[in-house]
Every structure is written in C-alpha cells, then in structure tokens.
Amino acid sequence: MPKNNQTLSFHVSGMHCASCASNITRKLNKTLGVEQASVNYANEQATVTFDEKKISTEQLADAVSFLGYTAHFGSDAATDVADQERAQDLKSLKTKLVVSGILVVILIASMIPDLPMIFRNLWLLWLLATPVQFWAGKRFYQGAWSGLKNKTANMDTLVALGTSVAYFYSVLVVFFGSWLAKYGVDAHVYFEASSAIIAFILLGKFLEIRAKAQTSFAIKELLNLQAKTALVKKAGQWLELPISEVLVGDILLVKPGQKIPVDGEVVKGNTSIDESMVTGESLPVSKKIGDTLVGATINRSGSIEMRATKVGNETMLANIVRLVKEAQGSRPPIQALVDTISAYFVPVVILIAIITFIGWMLIGPQPRLVFALISMINVLIIACPCALGLATPTSLMVGMGRGAKLGVLIKDAQALEVANKVKAVVFDKTGTLTEGKPVVQEAVFIDKSQQTDILVLLKNTEELSHHPLAGALVEFASSKLDRKIKDLTISNFHDVSGKGVTANVDKKQIVIGNEKLLQQQQINVSQEIIFQATKLKNKGHTVVFMSVEKHLVAIFSIADSLKKASSAVVESLSKSGITSIMLTGDNQQTAKAIAKEAGINEVIAEVLPADKERAIRKLREKYPVVAMVGDGINDAPALAIADVSIAMGGGTDVAIESAGVTLLRSDISLVPIAINLSKATMRNIKQNLFWAFSYNIILIPVAMGVLYPFWGILLSPILAGAAMALSSVSVVFNALRLKTVKLK
C-alpha cells in the first residue's frame with residue numbers, strides 16, 4: 001500500500017437494502033482519491049482505502065451524503081450510532097406496521113360481499129390506502145430517489161414502481177371510473193394490493209433488522225468486555241477516572257476481581273490473570289513485575305500496580321474489534337459474481353415487467369388491462385434482489401463473529417473463502433508444533449540413591465549459567481526437589497563456550513556439559529551410557545552429562561517438547577483430506593523425530609529463514625491451496641506467500657501482520673477449527689445464494705403468469721410481496737445457524 005494511503009472503516013446510516021450499499025460503493029469508487037471502497041449492507045459498514053493527500057474524511061462524508069446517507073467516523077461513536085439507529089428504526093417500523101396492518105385489514109375486508117356499502121366506498125378506500133403508500137412506504141421512495149441520483153436502479157425502485165402502479169391506477173379509477181368503464185376498461189381498485197405489499201415488505205424488514213442485530217452480537221460482546229473506569233495515581237492519590245481519560249505512562253491500581261483497564265505491564269506485585277475473554281485460554285496466567293497485561297482481562301488474585309502502555313484504539317481489544325469489523329465488511333471473491341449479477345438484475349427485471357405488461361395486453365384474456373397490471377406488479381415486487389444482496393455479507397458477519405468468540409481472528413474475507421479449499425497445511429516447528437522452549441525429557445541417574453543430592457548440585461551450578469539449556473536443567477531440578485534447598489558455596493565457575501560449565505560446589509568439582517567437555521576433563525563414560533546417549537540423540541534430543549569429582553553421576557536429554565494438541569490436530573486434518581507438512585530450520589534428525597511424534601510424514605528441514613518462502617512456492621506447485629502456520633519473524637515471508645496464512649497469537653507482530661488469520665492464543669487446535677469455520681461459512685453462503693437465485697428463477701416466471709394458460713393460476717400481488725419479504729428473512733436466519741454449527 002502506498003505510504004499516503006490509509007484504510008478507514010465507518011458506519012453508514014440510512015441504507016434500506018443491499019442495493020443502497022452498491023450505490024454508495026459505486027459513488028465512493030468514482031470519488032477522486034479513493035483507491036478502493038466496499039460497503040456492507042449487513043453491518044452497515046463502509047471500508048475505504050484512500051490517498052489522504054487527495055481526499056479528506058469530510059469529502060468522503062460528502063460523497064455519502066450526496067446520495068442521501070450519513071457517514072459516522074470513530075469506532076465507538078459508530079457502534080453507538082448503529083445501535084441507536086437500529087432501535088429507532090425498529091420502533092418506527094413497529095408503529096408503521098401496526099397502523100398499516102390495521103388499514104390493510106380494513107382494505108382487504110372491503111372485498112367481503114356482505115359488509116355494509118361504506119366499506120366499499122372508493123373515496124374511503126383511497127383515504128385508507130394513502131398513508132400506507134406515502135407514510136409507511138416513504139423509505140421505498142427515498143431509496144428509489146437515491147438510486148436515481150446515482151443513475152441506477154435498486155430494490156426500492158422495484159417496490160416503489162410496483163406499488164405506485166397499483167395505487168395510481170386505483171386513484172384514476174376513483175376519479176374517472178365511469179369514464180373508464182364506458183371504454184371497456186376494468187374499473188376495479190387495487191388499494192388493498194399496494195398497501196398489503198408495503199405492509200408485508202415492512203414486516204420482512206422488521207424481522208430482518210431484528211435478526212441482523214444478532215449477527216453483530218460478537219462485536220457487542222467484545223466491546224462489553226472493556227472496563228469503564230480505572231484507578232489512576234494522580235499526585236500520590238488514587239482517583240477513579242473514565243477509561244477514556246487514561247494516558248500512556250499512567251500508573252493504575254487493579255484490585256482482585258477487577259478488569260485490567262488497558263494494555264500495560266506490571267510494575268508492582270504479582271497475581272494471576274484470567275485471559276479467557278480475549279484469548280480463550282481457560283487457565284489463569286501468572287503475572288509478575290515486568291510481565292505484560294491485556295486490557296479487559298480479569299485480575300483473579302493479588303492487587304497489582306501497572307503502567308499503561310496502550311490506551312484507546314491502540315489496545316489489543318480495540319484492534320481485535322477493528323479487525324473483526326473490517327473483516328466483516330470485506331468482500332470475498334464470490335461476492336464479485338453477486339455484485340455483477342445485481343448490477344444488471346434490476347434493469348433486467350424492469351424490462352421483463354414491461355414485456356410482461358405488453359404481452360398480456362396483446363394476447364391476454366379479458367379484462368386484459370387487469371391481467372397486464374397484476375402480472376407487471378407481481379414481477380416488480382417478487383424479483384426484489386434483497387435476498388441476493390444479503391446472502392454473502394450476513395454469513396460472513398456471523399461466521400467471523402463466531403470465529404472471534406472462539407479465538408480465531410479472520411482479518412479478511414478472502415482468507416476465509418480460500419481456507420475452505422486448503423489441501424496442505426505447512427507447520428513451522430518451534431513454537432507452533434512445539435512449546436518453543438527446551439525441556440528435560442529424560443534423566444538417567446547412575447546411582448538413584450544420590451538423586452536428590454545430584455539435583456541440588458545441578459540446580460546451584462546451572463543457576464549461574466545464561467545458556468537456554470541451563471534454564472531447562474534448573475527448572476527440571478526445581479520441579480523434582482520437594483523441599484526448599486539452601487544455597488551452596490560456589491567457586492571457580494567457568495562457562496565453557498559451546499561445551500558446558502565447570503565449578504567447585506561445596507568443595508566438590510562439578511562438570512556439566514557435552515561429551516567433548518567430559519573428554520577435555522578426562523572423565524570416563526561407559527559404553528552402556530554412550531549407547532543410551534546415542535538412542536536419545538537419535539530422537540533429536542540434546543544430551544548433557546554431569547560428573548561429580550571426576551565420576552559420571554547422570555545424563556539428561558533436553559528437547560523442545562511437542563504441544564499436547566499437535567498429534568490430534570494432524571490426525572484431524574488428515575481425516576479432512578489435508579496433508580500436514582513440517583517446515584523448519586532444525587537439522588534433519590531432530591525434525592524427523594518431532595514429525596514422527598506428531599504423525600507428520602512430510603518434513604522439509606534445515607531451511608534458512610530466507611528460503612522458507614521459496615519452499616512454500618514449491619509446495620504450491622504440488623498442492624492446489626497451501627496454508628502456512630507460523631509465529632516467528634522468520635515465518636513472515638512464508639506467511640505472506642501462502643494461499644492462507646495463519647499466525648499463532650503468541651508470535652511476533654510481524655508474523656501476525658503477515659497473516660490473514662490470527663489465532664488469539666497459541667493453541668494449535670484452533671487451526672482445524674479455523675478451516676472448519678471457513679468450510680461452514682462458505683457452505684452457508686452457497687446455500688443462501690442458491691435459495692436467492694432459485695427464488696428469482698422460479699418465481700419470476702410465475703409472477704409473469706406462465707401458469708395461467710395451463711391451470712388458470714395468477715399470483716396475487718399481496719402474495720408476491722409476502723414471498724419477497726420471506727426470502728430476505730430466510731437468508732438472514734439461515735446465516736444465524738452458523739452460531740451453533742459444530743466446528744470440532
């Protein structure tokens with residue numbers, strides 16, 4: 001992205017249908033300085049990439065305003081505005097539904113033969129239908145006018161045209177009924193049809209908005225996690241301030257049971273933190289001075305003081321919310337097909353409606369005008385493409401929201417769509433398949449009765465070393481010693497580079513290191529021990545020898561341990577027909593040992609960081625779609641080139657930035673969940689598109705009247721309106737099924 005370009009997401013209010021979103025997208029893309037724009041009707045979110053030197057946010061707002069809509073900038077404000085507007089819209093729709101429903105019932109009742117004549121008075125019927133047409137149906141005229149200003153047609157155009165034809169023909173009958181009858185033109189009014197169509201579509205819109213509110217539930221849940229206030233140290237006193245007033249560098253007090261207000265680090269005290277609401281990790285994580293804290297997590301035990309390092313929109317939670325919103329507003333490749341069809345759909349429908357009218361007027365039975373009008377209205381109403389426009393974005397919103405709740409952050413819709421087709425998953429070894437730190441795997445003591453004394457000597461000696469293997473030895477010794485041991489007197493400590501350490505501990509000569517160090521110190525190792533050491537090395541372990549007073553007392557095998565879930569993940573992927581591959585810079589022996597333990601058959605080892613990208617390119621020649629899972633800086637180029645890139649949440653920022661999918665916790669079991677989520681979401685999108693297309697393909701001919709010559713069936717405009725409303729609602733409710741679909 002050029003350095004002057006920035007991407008901004010903002011809420012757009014006033015949209016009535018998917019075509020509104022298309023109109024705004026078209027207008028923004030035509031605006032000077034805008035590189036790319038997309039508007040999602042489902043979450044009422046616009047995502048725009050623009051050159052900030054050529055266009056300002058005010059000009060973006062003006063472009064949106066020109067079409068009759070309003071742009072709201074600022075994530076918190078936008079969320080509040082969206083919720084308020086939805087509540088107001090539902091309240092307004094409810095009022096209009098009740099009033100128009102009562103009026104429609106009276107209008108339909110006027111068709112009952114035995115009712116008093118007053119119910120068939122044309123002037124009364126006109127009086128009852130007018131508020132439904134222009135008050136309850138105002139939104140359709142506004143939407144049609146907006147489309148007209150952008151030189152396009154939309155769903156509102158069809159509704160406005162269809163109901164207006166029925167309404168104004170009926171008005172003509174009210175004023176000139178006798179004159180029309182004299183010339184053989186049917187003088188029947190269709191006020192009940194135009195009003196019922198509007199009422200049914202408003203009912204569908206009401207149900208749709210209520211259902212859409214559930215699709216954005218994941219975002220609301222994330223926002224509700226944030227603390228509202230914080231205890232901030234000001235002039236030596238603790239003051240409770242709104243979270244918006246916390247600044248970077250402020251010292252905050254967090255008591256047990258309270259939420260961590262913002263991202264920061266511990267400066268005093270220690271505690272355990274429940275990070276499950278952000279990362280999904282169920283076990284509390286211990287925190288001490290210097291450890292990082294994530295805003296919105298819960299302090300479970302001790303009181304701590306922390307320094308704020310990130311506040312406002314810079315916190316992890318704010319970034320997760322932003323990424324989820326942007327992802328929900330992004331467009332998968334499949335949407336391009338839908339947009340292309342939608343662009344031509346409404347003009348084609350209008351043309352079909354005109355042809356239908358002319359056809360009935362030329363060859364239809366008497367009264368021809370009645371049949372022609374009804375059929376034309378049916379086509380205009382039943383073909384509204386709202387279901388088509390909702391099919392993809394609603395599924396994306398629910399699917400991505402479900403992912404965020406599970407700890408799978410999908411950063412763009414393309415990654416979600418492509419993940420559905422993955423045939424091979426490439427795993428980095430260290431930190432992805434393995435824990436990422438050396439651990440003592442096995443210990444062999446020559447004299448088991450001396451085990452405790454040996455471990456005491458080991459711990460005291462290795463605590464002075466800074467080598468990573470020393471940390472593993474100290475941790476192992478500490479875990480095996482039940483009682484608190486006293487510090488021993490250590491002298492003549494030497495760290496022998498590449499070999500180990502030597503020291504005098506309580507006047508005993510200690511040597512801990514590899515075989516070369518033991519040979520240098522002239523310490524004998526029996527053939528039996530050499531045989532055991534060789535077996536451990538063949539497993540990919542590093543073997544450390546320990547001697548006391550020139551006598552070998554123990555050997556320790558150290559290796560990076562496989563994550564508990566790794567084998568199950570590889571097995572799960574295999575059952576889905578996906579090949580698992582290990583890609584690592586480690587030596588062949590170690591890599592193959594870890595791969596065998598994990599159940600991976602294909603291993604690419606001894607690969608330099610710069611060559612990982614080349615390795616992924618070669619794999620893409622063998623497998624149609626390749627996913628890469630990694631966590632380090634050296635994985636970033638490979639992540640960038642893979643068809644689907646998945647970063648472990650505990651990894652480096654550059655790896656996470658390179659990835660299309662981020663696992664919010666370093667849990668490899670989320671990988672198959674991410675792939676299954678993609679499959680479920682794409683399946684749901686295809687179901688929605690199938691029903692939306694099928695609905696129009698089947699019902700447009702019915703609306704035109706093709707069944708009439710064979711069975712005398714002519715669809716009622718009222719039923720056409722009901723069917724149109726039902727199609728949109730069914731698409732939204734089908735998308736909501738993703739909230740409960742099984743992913744494990």
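Rings of Phe, Tyr and Trp, the last by its six-membered ring, count as a pair if their centres lie within 6.5 Å; planes under 30 degrees apart are called stacked, those over 60 edge-to-face, and the rest tilted. By this rule the structure has 16 aromatic pairs. One of them joins Phe690 and Trp691, which meet edge-to-face at 5.2 Å centre to centre, with 75° between the planes. For accessibility, buried means under 20% relative accessible area, exposed over 50%, and partly exposed in between, with a 1.4 Å probe and protein chains only. Phe690 is partly exposed at 49%, and Trp691 is exposed at 58%. Elsewhere, ring pairs link Phe134, Tyr141, Tyr167, Phe168 and Phe191 into a cluster.

The model is predicted, so local features need pLDDT of at least 70 and side-chain atom pairs count only at pLDDT 80 or more, while totals for chains, interfaces and linings use all residues. Residues are numbered from 1 along each chain as its sequence is written, and side-chain values use heavy atoms, with hydrogens and water left out.

Rings also take part in contacts with charges. A charge sits over a ring if NZ of Lys or CZ of Arg is within 6 Å of the ring centre and within 35 degrees of the ring normal. The charged end of Lys27 is placed in this way over Phe66, 4.3 Å from the ring centre. Lys96 lies over the face of Trp135, at 5.8 Å from the centre of that ring.

The next topic is the interior. On a 1 Å grid over the protein atoms alone, a cavity is a set of points where a 1.4 Å probe fits but cannot get out, and lining residues have an atom within 4 Å of a point. Grid points are joined across faces, edges and corners, and a volume is the space filled by probe spheres set on the points. A search of the whole structure finds 4 cavities of 30 Å³ or more. The second largest has a volume of about 50 Å³. Its lining consists of Ile410, Leu416, Ala419, Val644, Ile646, Val661, Ala674, Ile675 and Ser678. Two or more of the lining residues come from each of α14 (413-419), β25 (644-648) and α25 (670-704), where helices (H or I, at least four residues) and strands (E, at least two) are DSSP runs numbered from the N terminus. The largest share, 3 residues, belongs to α25. By class, 8 of the lining residues are nonpolar, 1 is polar and none is charged; Ala, Val, Leu, Ile, Met, Phe, Trp, Tyr, Cys and Pro count as nonpolar, Asp, Glu, Lys and Arg as charged, and the others, Gly among them, as polar.

Helix α12 spans residues 368-382 and has 15 residues. From its first C-alpha to its last it reaches 21 Å, close to the expected 21 Å, where the expected span is 1.5 Å times one less than the number of residues. Of its 15 residues 13 are buried, so α12 is largely enclosed by the rest of the structure. In helix α21 (residues 588-598), Ala595 is buried, with a relative accessible area of 1%.

Two loop residues remain. Most residues other than glycine have a negative phi. Asp506, in the loop between β18 (500-505) and β19 (508-513), has a positive phi near 50° and is partly exposed at 38%. Gln522, in the loop between α18 (515-520) and α19 (527-538), has a positive phi near 55° and is exposed at 68%.

Note on methods:
On a 1 Å grid over the protein atoms alone, a cavity is a set of points where a 1.4 Å probe fits but cannot get out, and a pocket is an open set with protein on both sides within 12 Å along at least five of seven lines; lining residues have an atom within 4 Å of a point.
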